[in-house]
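Open the model in a viewer and keep the sequence panel beside it. The stops below say what to select and what is there.

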Amino acid sequence: MARLTLRHRLARVHPFVWIGAVAAIAGLVAWPLGGWDTVELQSTKTPVAEPGDLVAGSQFSIRVESAELTTVHPDGFSELEPGWTWLRIELEVTNETDLTEFSSALGGDYDGSITIDEGALGFGSTAEDSESNTLRGDPYLVSDGTYLPDLQPGLPTRVEVIFDVRDDAWTIGDELTIGIIDRFPYESVLGSGIRYGFPALIADVPITLEQGAQATPDPDDEVVP
Amino acid sequence: MRKRIPAILALIGLMGGALLLHLTEPSDEQIQGPFVTYARFGEQVEGRNLTWIAEDAYLADRLTSADWIGETDGIWLVIEGTIGSRLDITSPDVSVLVGERRYIVSNRPGDAALGTSLAAGLPQSGAFVFELPRSVLESAEGTRVTARFATGFRVRLDSAIDMVLDLTSLEHKSTVALPQPGVVTS
């Protein structure tokens, strides 16, 4: 009877035995490290940017400048409902597309380009405003207060996005996380030209909530005892 | 063999003709494209519905009107003229094409600039205002910019009035008070 070599002996081991052996070794390696569930896939981690950093996107490149609670509305006439205040997010937005884009979607719930605290406001949010309507952030141009300013291609534009929020939702000094949502170009099927879709979170920007401008009470509104 | 020569020549001729037809066939864009009329300063041009007389074009760092001050990190392109509608009430769609980029007339000046609806037979004079990045002045594309006056964003089988400008040769002003838009009565 011919003597079996090591190679032949190994070849006779059943494949399931090999798979079991590899799994057992992997388990022994993972045990002192705390288990495989502690290993975070690097490609699924959202990059973190600092306030003032430019987050480059395909549709818009966005720089988060500041976040504050304010009782002064940029339109100069809106008044707060009792128990509500305004969250003001200042952004510098550069339209990277070839066409003028409208800023109306920036603070939107399904079409927005920012999400605050993972969908508490902005993209992915189901929040309602003081009139129980779906809450969308209203964009205004910082330089002259234009409502729904156009975003011209390649021109960095400072925009403030105003959200109605309950006055106990956040306090000054809280850290907000502003997620930047980007969309990607594709050829329009039903229409013509390039459209932007497939929203994806491309960066988180942690930012400290500051005290914004406070409205001075109107003397005529004072209650006379 | 000689009997087949005419048939072979005819086949080659037909194939050549088919190739020529294929190469010269207009694209969908060309078939559905606009009928363009080109405008020059001081001359009235007419499309199917719009009329346009360009009077002046210049660049400005800052614009003002009675109740608006227009600061920009870019540059303002201002095109002054008179625009009218011949057939019906229409909102002119006015944009500037710089290379592949298309800039719609700015909504920032509000009523201080042209761009609102036109009533038939009542032309309005004033200025169209565009906010552009400063980089266009240094680009090759800035030397051949097309301003388009039309009745829709994507013009198909309709007229459009185009005006070609060289931004680098336009006068550059620091602050300009926009002319108040108004109906031309004469």
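## Chain B as a whole

Start with chain B, which has 3 helices and 12 strands. The model is predicted, and every value in this tour is computed from it.

Select the C-alpha atoms of chain B and align the view with the principal axes: they fill a box of roughly 90 × 40 × 25 Å. The radius of gyration of chain B is 23 Å, whereas a compact globule of 186 residues would have one near 16 Å. Of those 186 residues, 32% count as buried. Take the contacts in chain B with a separation of 6 or more: residues 24 or more positions apart account for 73% of them.

## The start of chain B

Select B:Met1, which sits in the segment before helix H1 (5-24) of chain B. Is B:Met1 buried or exposed? B:Met1 counts as exposed because it has 5 C-beta neighbours inside 10 Å, and the cut-off for exposed is 12 or fewer.

Now add B:Thr168 and draw a C-alpha to C-alpha distance. The two residues are 167 positions apart in sequence and 68 Å apart in space.

## The five-stranded sheet of chain B

Show chain B as a cartoon and find the open sheet of 5 strands, ordered E1-E10-E9-E6-E7, with mixed pairing. Strand E1 (35-38) and E7 of chain B are the edge strands, each pairing on one side only. From one strand to the next, the twist averages 30°.

Zoom in on E1(B) and strand E10 (residues 159-165) of chain B, which pair in the parallel sense over 4 bridges. Which residue of E10(B) is the bridge partner of B:Val36? It is B:Ala160.

## Strand E8 of chain B

Next select strand E8 (124-132) of chain B. E8(B) is mostly covered, with 8 of its 9 residues buried.

E8(B) has antiparallel pairings to inspect:

- E5(B) and E8(B) run antiparallel and are joined by 9 bridges; here B:Ile79 stands opposite B:Phe128 in E8(B).
- Strand E12 (residues 182-183) of chain B pairs with E8(B) in the antiparallel sense over 2 bridges; here B:Ser125 stands opposite B:Gly182 in E12(B).

## The nonpolar cores

Keep B:Phe128 selected and add B:Val129. The largest nonpolar core has 38 residues, and these two touch the most other members. Strand E3 (50-65), strand E5 (75-85), strand E6 (93-98), E7, E8, strand E9 (145-150) and E10 of chain B each give two or more residues to this core. Which element gives the most? E3(B) does, with 6 residues.

To see the surroundings of B:Val129, show its contacts, leaving out residues up to four places away in sequence: B:Val129 touches B:Leu63, B:Trp76, B:Val78, B:Val105, B:Ser106, B:Pro109 and B:Ala113. Another core, of 32 residues, lies apart from the largest one; A:Ala49, A:Trp86, A:Leu135 and A:Val159 are among its members.

## Chain A: strand E9 and its partners

Move to chain A and select strand E9 (residues 157-166), where 8 of the 10 residues are buried.

Add strand E3 (residues 84-95) of chain A, which runs antiparallel to E9(A) and is joined to it by 10 bridges. In this pairing, A:Ile162 in E9(A) is the bridge partner of A:Arg88. Then add strand E7 (residues 138-141) of chain A, also antiparallel to E9(A), with 4 bridges. Here A:Pro139 stands opposite A:Val161 in E9(A).

## Chain A: the four-stranded sheet

Select the open sheet of 4 strands in chain A, with order E6-E5-E10-E11 and antiparallel pairing. Its edge strands, strand E6 (121-122) and strand E11 (194-208) of chain A, each pair on one side only. Strand E10 (residues 175-187) of chain A pairs with E11(A) in the antiparallel sense over 12 bridges. One place to look is A:Glu187, which stands opposite A:Ile194 in E11(A).

## Where the chains meet

Finish with both chains shown. The contact involves 19 residues of chain B and 15 residues of chain A. On the side of chain B that touches chain A, strand E4 (68-70), strand E7 (101-104) and strand E8 (124-132) of chain B give two or more residues each. E7(B) gives the most to this side, with 4 residues. Color this side of chain B by class to find 6 nonpolar, 5 polar and 8 charged residues.

Notes
Residues are numbered from 1 along each chain as its sequence is written. Chains are lettered from A and ligands numbered from 1 in the order in which they are written. This is a predicted model: local features need pLDDT of at least 70, side-chain atom pairs count only at pLDDT 80 or more; totals for chains, interfaces and linings use all residues. Two residues are in contact if their C-beta atoms, placed from the backbone, lie within 7 Å. Ala, Val, Leu, Ile, Met, Phe, Trp, Tyr, Cys and Pro count as nonpolar, Asp, Glu, Lys and Arg as charged, and the others, Gly among them, as polar. Two strands pair if DSSP finds at least two bridges between them. Axes are lines fitted to C-alpha atoms, for helices over the stretch in contact, and angles run from 0 to 180 degrees between N-to-C directions. The radius of gyration is taken over C-alpha atoms; the globule rule is 2.2 Å times the number of residues to the power 0.38. A residue is buried if 20 or more other C-beta atoms lie within 10 Å of its own, exposed if 12 or fewer, and partly exposed in between; C-beta atoms are placed from the backbone. A nonpolar core is a set of buried Ala, Val, Leu, Ile, Met, Phe, Trp, Tyr and Cys residues joined through C-beta atoms within 7 Å.
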